[in-house]
Every structure is written in structure tokens, then in C-alpha cells.
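Got your viewer open? Let's take a walk through this model, one selection after another.

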Amino acid sequence: ELFGRQLGIGNDTMVIIYDDTGLDATRLFWQLAAGGHEKMALLYGGWTEWLDKKMPVSKEIPRIVPQPFMYKCNCNVLATANYILANLGNPNVIVVDTRPPEHFLGLKKHPKAKVAGRIPGAVNAYTLMNWENKTYPKPPEELLSQFEDLGITRDKTVVVYCNSGYMGANSWFILKVLGYPNVKNYDFSWLEWSQKDHLPKVMPAAN
């Protein structure tokens, strides 16, 4: 309904995505990838660079021509709570918390999260640390060094999460661009994990 009827995206449509900061664009990129779509790209520098280079702009609202869009789940890019639970302690799987450090440490929490804390064994790689001025990704060699120092290497399956899958999708995009072959985004993230009492959590004593 959204992609085909409202946006006019067909299964063979090339989709160029941009926004002001890169976070919304990478979320949409991941969502399309999760639906089996393969023809999409991010506009480098986004709207900021487009304006800086004085490229043409328009205020005209385009006429949408509905297209058939068959959404097929690409489970290779999606992680579930059960998948993470089954792989806790697996040396070939690394869980990456992409939230700000204060959320990772349990000092703050999302308003909809039941408790503050993190998934056991997760390492913290805050999404915004991957970008310069929220617009341009850092140089590839700097990003690779940043991830590898945390044990996030290409030979592992990488599971990223945040509070709602939003920042996780951004880090998923960065890792895929860097050539990481197996990256999954836990879409429901901490908002789901924190609500389920049977799932293990690392929480501060105040909780």
C-alpha cells in the first residue's frame, strides 16, 4: 500500500533516497531491503549538499502513478528476539547497541521502554559516531578501525539494535557499505526486549 500505491514504487523501480541528516533515509533503505527490494541508493550528502551545490529544487508535488509492489521478506537483514536469544554467547555473532552511551549504560531510557539497560554481551557503537556533521560518513578506513577495535569484524554475523530499529538501520547501512556480508537489524529492538520479562538484561542497580 505504502510503496506501490502511495509512492508509486514498483519492484523494478530505482529509488534514490535522501533527507536532511541521513537517519530517515537509511531507515527507508533498510525497510526496502527488508522487503526484498534491490534497486535503491542514498544520495551522498543528502539535501544539505544538494542545496550547498545550488542544484535545482522544486515545490511542485509530483503526480503518483500507482505501481504493483510485491513485498517479500528478506529475512537475511532482519533479526528477532528469538534469534538473538539463541545466539547469546555465540563467538560468531556479535550484538551491537547503536544507542547513545547513556542508554547503553542504563543511565537513561526511551519513554516507551519498560526498563533501562542493554542486551547481555552487546558492545556500544553509537550510530552518530559514524558520521561527520550528521551528513557525510567518515572515511571507510576510519570506520573499519572504529568497528574492528570493538570486535565488530567481517567474519562475524553482526546484529545491530537501538530502541526502535531506527538508529540500528543506519548502522546496518554503514556496515553493508563497508562490505560486511552478514548484518541484521533487530527492528523491534530495546522497546520489545525490555518488555519481555523472560529475556535477559543488563540493568543498573536502580532498576
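Start with the whole protein chain, and color it by burial if you can: of its 207 residues, 43% count as buried. Keep in mind that you're looking at a predicted model.

**Stop 1: the whole chain**

Switch to cartoon view. You should find eight helices and nine strands in the protein chain. The radius of gyration is 18 Å, close to the 17 Å that the globule rule gives for 207 residues, so the chain is as compact as a globular protein of that length. Turn the model along its principal axes, and the C-alpha atoms fill a box of roughly 55 × 35 × 35 Å.

Now show the surface. The accessible area of the protein chain comes to about 11,400 Å², and 57% of that belongs to carbon and sulfur atoms. Feel like coloring by charge? The chain has 22 positive and 20 negative charges, and their mean positions lie 6 Å apart.

**Stop 2: the sheet**

Back to cartoon, and look for five strands that form an open sheet. In what order do they sit? Reading across, it goes 3-9-8-4-5, with parallel pairing. At the edges you'll meet strand 3 (78–79) and strand 5 (123–124), each of which pairs on one side only. As a reminder from class, strands of a sheet pair through backbone hydrogen bonds, either parallel or antiparallel.

**Stop 3: strand 8**

Select residues 157–161, which make up strand 8. Is this strand mostly covered or mostly open? Mostly covered: five of its five residues are buried. Show the side chains and check both faces. Thr157, Val159 and Tyr161 are on one side, Val158 and Val160 are on the other, and all of them are buried.

**Stop 4: the neighbors of strand 8**

Add residues 93–97 to your selection; that's strand 4, which pairs with strand 8 in the parallel sense over five bridges. Click on Val95 and look across to strand 8, where its bridge partner is Val159.

Next, add strand 9 (residues 183–186), which also pairs with strand 8 in the parallel sense, over three bridges. Here, pick Val158 and you'll see Val183 of strand 9 standing opposite.

**Last stop: zoom out**

Show the whole chain again and think about contacts. Among those between residues at least 6 apart in sequence, 76% join residues at least 24 apart.

Terms used. Residues numbered from 1 in each chain as written. Predicted model: local features only at pLDDT ≥ 70, side-chain atom pairs only at ≥ 80, totals over all residues. Heavy atoms only, no water. Helix = DSSP H or I, 4+ residues; strand = E, 2+ residues; numbered from the N terminus. Rg over C-alpha atoms; globule rule 2.2 N^0.38 Å. Buried < 20%, exposed > 50% of the residue type's maximum accessible area, 1.4 Å probe, protein only. Contact = heavy atoms within 4.5 Å. Areas by Shrake-Rupley, 256 points an atom, 1.4 Å probe, with all protein chains shown as cover. Lys, Arg positive; Asp, Glu negative; His and termini not counted. Charge placed at Lys NZ, Arg CZ, Asp CG, Glu CD. Pairing = 2+ DSSP bridges.
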